[in-house]
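Let's take a walk through this structure by way of its charged side chains. Have a look at the sequence and the fold, then follow the pairs below.

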Amino acid sequence: MSAADQEQAVNRVVHTDELTAQDRAAAILVHVFGQQIEGVVGLTWNDVDVTEDLVAVRIGAVEIVLPDPLDEPWRELAATPGNDLTAAHPNSNWVFRGYSPGRHIDPGHLRTRLRGVFGTRAARLGTLHELTRLAPVAIIAEALGYSPATIERHAVDSAAAYARYVVAVRDT
């Protein structure tokens, strides 16, 4: 996805009534933080901290604090997680609860639900493409839970030049 298409998709995800809070929260992780659907659906509430002041999600080695308005679907999801009024999910710790007892949502099902807004693969790759232009491989890899080799491949593919980053940091 181009940067303009990415911005349009983020705005659509953040400021829409066409998606549930669950879908919006998942879309933010895929589209803003380049996460794979398989990793997103495996999140538990142990990976998410929702307080009055902040919402933080651990997707890599660090917790990422979500700024407003990215935190809104997460607050709504914490208040009403969905699928909690059935015998299938008594006291479930899954953030993205599925329809089968004790299971998270199926990655393919979530991918299909998000397809109306954006293709998850295109969005994720576009995000990684843009991020590799902004920061070094090691920082991106650690923050987003990717291996440095994977992020390095994205950096090479996007023709990111780290020399520009180093010069920019020195000049500030």
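**Following the salt bridges**

Start with R111 and E38, which form a salt bridge whose closest N and O atoms are 2.6 Å apart. This pair ties together distant parts of the chain: R111 sits in helix α5 and E38 in helix α3 (residues 37-41), with their positions 73 residues apart. Keep in mind that this is a predicted model. How open to the outside are the two partners? R111 counts as partly exposed, with a relative accessible area of 25%, and E38 is partly exposed too, at 42% relative accessibility.

Now stay with helix α5 (residues 107-114), because R113 lies there as well, and its salt-bridge partner D23 is in helix α2 (residues 21-33). The side chains of D23 and R113 meet with an N to O distance of 2.4 Å. Again the pair links distant parts of the chain, this time 90 residues apart. Is D23 buried or exposed? D23 has a relative accessible area of 5%, and since buried means under 20%, D23 counts as buried.

Next, look at E18 and R12, whose side chains meet in another salt bridge, at 2.9 Å from N to O. Here E18 is partly exposed, with a relative accessible area of 49%; the cut-off for exposed is over 50%, so E18 stays in the partly exposed class. R12 is partly exposed as well, at 34%.

How many salt bridges does the structure hold? There are five, among them the pairs R111 with E38, D23 with R113 and E18 with R12.

Notes:
Residues numbered from 1 in each chain as written. Predicted model: local features only at pLDDT ≥ 70, side-chain atom pairs only at ≥ 80, totals over all residues. Heavy atoms only, no water. Salt bridge = Lys/Arg side-chain N within 4 Å of Asp/Glu carboxyl O. Buried < 20%, exposed > 50% of the residue type's maximum accessible area, 1.4 Å probe, protein only. Helix = DSSP H or I, 4+ residues; strand = E, 2+ residues; numbered from the N terminus.
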